[in-house]
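Hi,

Here is the structure I said I would pass on. Have a look at it first, and then read on for what turned up.

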Amino acid sequence: MFKTCLVICSAVLLSACSSSPPDPMDFAGQFRDSFSTQIKGDGIKLFTYKAKLATVTDRALPNDQPHEQRVTRRKQDLQSYLAEQRNAEKRLELWHQQVDIGLQKTIEMSGYCKNGFIELSRYVETDRAEIRGECNDGATEKDIKKFAR
């Protein structure tokens with residue numbers, strides 16, 4: 001009787017742990033992004049934000065690390081991949097959140113869209129994303145010097 005109760009309690013506890021909400025830190029070290037800007041002649045500021053999950057080659061370790069650390073990293077990469085496969089739906093939702101956070105932080109840090117932006121298009125898959133947008137504010141001389149290419 002005691003063993004049966006213990007097994008049932010353990011199963012309930014394990015299922016409660018597995019249903020916890022996704023944590024954005026799940027993508028720490030696995031995320032690569034880029035931000036490109038375009039300023040039109042009439043002062044319209046456009047941008048393209050691209051993000052992708054880093055592949056093993058993107059996350060390559062320096063060759064001067066000890067063999068044990070490289071082996072451990074490869075095992076972590078495999079475990080991470082297997083976890084992604086098991087939690088694909090949660091990961092996709094989390095990926096959407098991570099892309100939004102990445103875009104917001106990038107715009108904040110660059111100072112590109114001072115008054116926010118309008119999203120023109122959004123494309124998000126399980127391992128990559130692209131968001132195109134137009135800033136609500138027009139380009140200043142300072143913006144043109146800093147961001148025009």
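Let's start with Asp143, which is buried, with a relative accessible area of 3%. Keep in mind throughout that this is a predicted model. Which residue does Asp143 form a salt bridge with? The partner is Lys45, and the closest N and O atoms of the two are 3.1 Å apart. Lys45 sits in strand β2 (residues 45–53) while Asp143 belongs to helix α4, so this salt bridge ties together parts that are 98 residues apart in sequence. Lys45 is buried too, as its relative accessible area is 0%.

The pair also has company: Lys45, Lys114, Asp137 and Asp143 are linked in a network of salt bridges. Across the structure there are 8 salt bridges.

Lys45 turns up again in another role. It lies over the face of Tyr112, 5.1 Å from the ring centre. That brings us to the aromatic side chains.

Tyr112 counts as buried because its relative accessibility is 0%, and it belongs to one aromatic cluster together with Phe35, Phe47, Phe117 and Phe147. How many aromatic pairs are there? The count comes to 4. In one of them, the ring centres of Phe35 and Tyr112 are 5.8 Å apart and the planes stand at 85°, so this pair is edge-to-face. Phe35 comes from strand β1 (residues 31–39), whereas Tyr112 is in the loop between α3 (88–110) and β3 (117–124), so the two rings tie together parts that are 77 residues apart in sequence. Buried or exposed? Both Phe35 and Tyr112 are buried.

Tyr112 also pairs with Phe147, and this pair is edge-to-face as well, with 4.7 Å from centre to centre and 75° between the planes. Phe147 is in helix α4 (residues 141–147) and Tyr112 is in the loop between α3 and β3, so here the parts tied together are 35 residues apart in sequence. Phe147 has 7% relative accessibility, so it counts as buried.

Next, have a look at Gly138, in the loop between β4 (128–135) and α4. What does Gly138 touch, leaving aside its neighbours within four places in sequence? The contacts are Gly43, Lys45 and Asp143, and you will recognise Lys45 and Asp143 as the salt-bridge pair from the start. Gly138 itself counts as partly exposed because its relative accessibility is 45%. Its C-alpha atom is separated by 9.7 Å from that of Lys40, a residue 98 places away along the chain.

Two further salt bridges are worth a click. The side chains of Lys50 and Glu130 meet at 3.9 Å, N to O. This pair links distant parts of the chain, with Lys50 in strand β2 and Glu130 in strand β4, 80 residues apart. Why do both count as partly exposed? Buried would need under 20% relative accessible area and exposed over 50%; Lys50 has 42% and Glu130 has 27%, so each falls in between.

The other one joins Arg128 and Asp127, whose closest N and O atoms are 3.9 Å apart. Arg128 is partly exposed, with a relative accessible area of 45%, and Asp127 is partly exposed too, at 37% relative accessibility.

On the surface, look for Leu78, Tyr81 and Leu82, which form a nonpolar patch. Together they have about 300 Å² of accessible area. Leu78, one of the three, lies in helix α2 (residues 67–86).

Finally, the whole chain. It has 4 helices and 4 strands, and along the sequence they follow the pattern α-β-β-α-α-β-β-α. The chain has 149 residues, of which 27% count as buried. It exposes about 10,400 Å², and carbon and sulfur atoms supply 57% of that area. How many of the contacts between residues at least 6 apart in sequence join residues at least 24 apart? The share is 60%.

If you want one place to begin, go to Lys45: it forms the salt bridge with Asp143, lies over the face of Tyr112 and is in contact with Gly138.

Cheers

How values were computed. Residues are numbered from 1 along each chain as its sequence is written. This is a predicted model: local features need pLDDT of at least 70, side-chain atom pairs count only at pLDDT 80 or more; totals for chains, interfaces and linings use all residues. Side-chain values use heavy atoms; hydrogens and water are left out. Rings of Phe, Tyr and Trp (its six-membered ring) pair if their centres lie within 6.5 Å; planes under 30 degrees apart count as stacked, over 60 as edge-to-face and the rest as tilted. Helices (H or I, at least four residues) and strands (E, at least two) are DSSP runs, numbered from the N terminus. Buried means under 20% relative accessible area, exposed over 50%, partly exposed in between (1.4 Å probe, protein chains only). A charge sits over a ring if NZ of Lys or CZ of Arg is within 6 Å of the ring centre and within 35 degrees of the ring normal. Patches are made of residues with over 30% relative accessible area and no salt bridge: like charges are joined within 9 Å, nonpolar side chains (Val, Leu, Ile, Met, Phe, Trp, Tyr) within 5 Å. Accessible areas come from the Shrake-Rupley method with a 1.4 Å probe; for residues, only the protein chains shown count as cover. A salt bridge is a side-chain nitrogen of Lys or Arg within 4 Å of a carboxyl oxygen of Asp or Glu. Contact means heavy atoms within 4.5 Å.
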